[in-house]
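This report is meant to be read alongside the sequence and the coordinates. It moves from a single residue to the chain as a whole, and then to a few places that reward a careful look.

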Amino acid sequence: MAQTLRIIKKYPNRRLYDTEISSYITLEEVRQLVLDGETFEVRDAKSGEDLTRSVLLQIIAEHEEHGQPMLSPQLLSHIIRFYGDSLQGFMGPYLERSLQVFLDQQQQFRNQLNSLMGQTPWSMLNEMTERNLDVWKSMQRGFLDAATAKPAEPVRPATRTGKKAG
């Protein structure tokens with residue numbers, strides 16, 4: 001089933017209306033759509049103009065301002081310098097490819113780490129706990145067996161003739 005394009009209308013009062021759920025949504029909810037991998041467009045309610053980039057940039061700006069920034073002032077300055085430069089048209093596709101390579105390598109690293117470890121950290125911890133519990137039970141069983149075992153009969157020393165005394 002092909003995923004339909006979700007349309008979000010932006011009104012002059014800056015409110016965002018999600019046509020799929022027939023409700024107003026916040027910028028944070030738009031961010032969640034991005035995180036969930038939803039395909040959507042933000043359109044001006046009157047003109048129909050595509051405002052998706054503008055809204056996405058607004059989300060980035062808010063997270064850069066209030067969260068832990070990813071974009072340093074130096075990086076932002078470099079990006080600004082590319083506007084109007086003869087290489088401006090190459091910069092967007094270059095950044096997209098670079099980010100995709102980074103994401104691919106990140107996924108590859110996670111896969112290798114999981115295959116090295118064989119599992120997630122939680123399942124490894126569970127297995128280690130089970131092994132420790134088995135060792136503990138075995139040790140306790142050994143102590144119990146030793147405590148309840150019959151003492152062995154003492155061995156009598158042999159006489160010089162090779163016969164046991166007694």
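Does R14 count as buried or exposed, judged by its relative accessibility? In this predicted model, R14 has a relative accessibility of 57%, and because exposed means over 50%, the residue counts as exposed. R14 lies in the loop between β1, which covers residues 6–10, and β2, and its phi angle is near 75 degrees, a positive value in a residue other than glycine. A second residue of this kind is S22, whose phi is near 50 degrees, again positive although the residue is not glycine; S22 sits in the loop between β2 and β3, the latter being residues 23–25.

The chain as a whole

The protein chain contains five helices and four strands, and when it is read along the sequence these elements follow the pattern β-β-β-α-β-α-α-α-α. Of the 166 residues in the protein chain, 11% are buried. Among the contacts in the chain with a separation of 6 or more, 40% are between residues 24 or more positions apart.

A record adds one annotation to this outline: an unreviewed UniProt entry places the feature "domain: PHB accumulation regulatory" at residues 71–110. In the model, residues 71–110 are 82% helix and 0% strand, and the C-alpha atoms at the two ends of this stretch are 24 Å apart.

Two buried residues

D18 belongs to strand β2, which spans residues 16–18, whereas T52 lies in helix α2, which spans residues 52–66. The table sets out their accessibility and their contacts, leaving aside neighbours within four places in sequence.

| Residue | Relative accessible area | Residues in contact |
|---|---|---|
| D18 | 1%, buried | R6, I7, I8, S23 and I25 |
| T52 | 12%, buried | F40, E41 and V42 |

Because buried means a relative accessible area under 20%, D18 at 1% falls in that class, and T52 at 12% does so as well. For T52, one of the listed partners, V42, is also involved through its backbone, since the backbone nitrogen of V42 lies 2.9 Å from a polar atom of the T52 side chain.

How α1 and α2 meet

Helix α2 also takes part in a contact with helix α1, which covers residues 27–35: the axes of the two helices come within 10 Å and cross at roughly 105 degrees. Angles of 65 to 115 degrees count as roughly perpendicular, and α1 and α2 are therefore described as roughly perpendicular to each other. On the α1 side the contact is made by L27, E28, V30, R31 and V34, while α2 contributes V55, L56, Q58, I59, E62 and H63. By side-chain class, the residues of this contact divide into six nonpolar, two polar and three charged.

Methods. Residues numbered from 1 in each chain as written. Predicted model: local features only at pLDDT ≥ 70, side-chain atom pairs only at ≥ 80, totals over all residues. Heavy atoms only, no water. Buried < 20%, exposed > 50% of the residue type's maximum accessible area, 1.4 Å probe, protein only. Polar contact = N/O pair within 3.5 Å; in protein donor to acceptor, adjacent residues only side chain to side chain. Contact = heavy atoms within 4.5 Å. Axes fitted to C-alpha atoms, helices over the stretch in contact; angles between N-to-C directions. Parallel < 35°, antiparallel > 145°, perpendicular 65-115°, else oblique. Nonpolar A, V, L, I, M, F, W, Y, C, P; charged D, E, K, R; others polar. UniProt positions renumbered as here; feature names shortened; annotations may be inferred.
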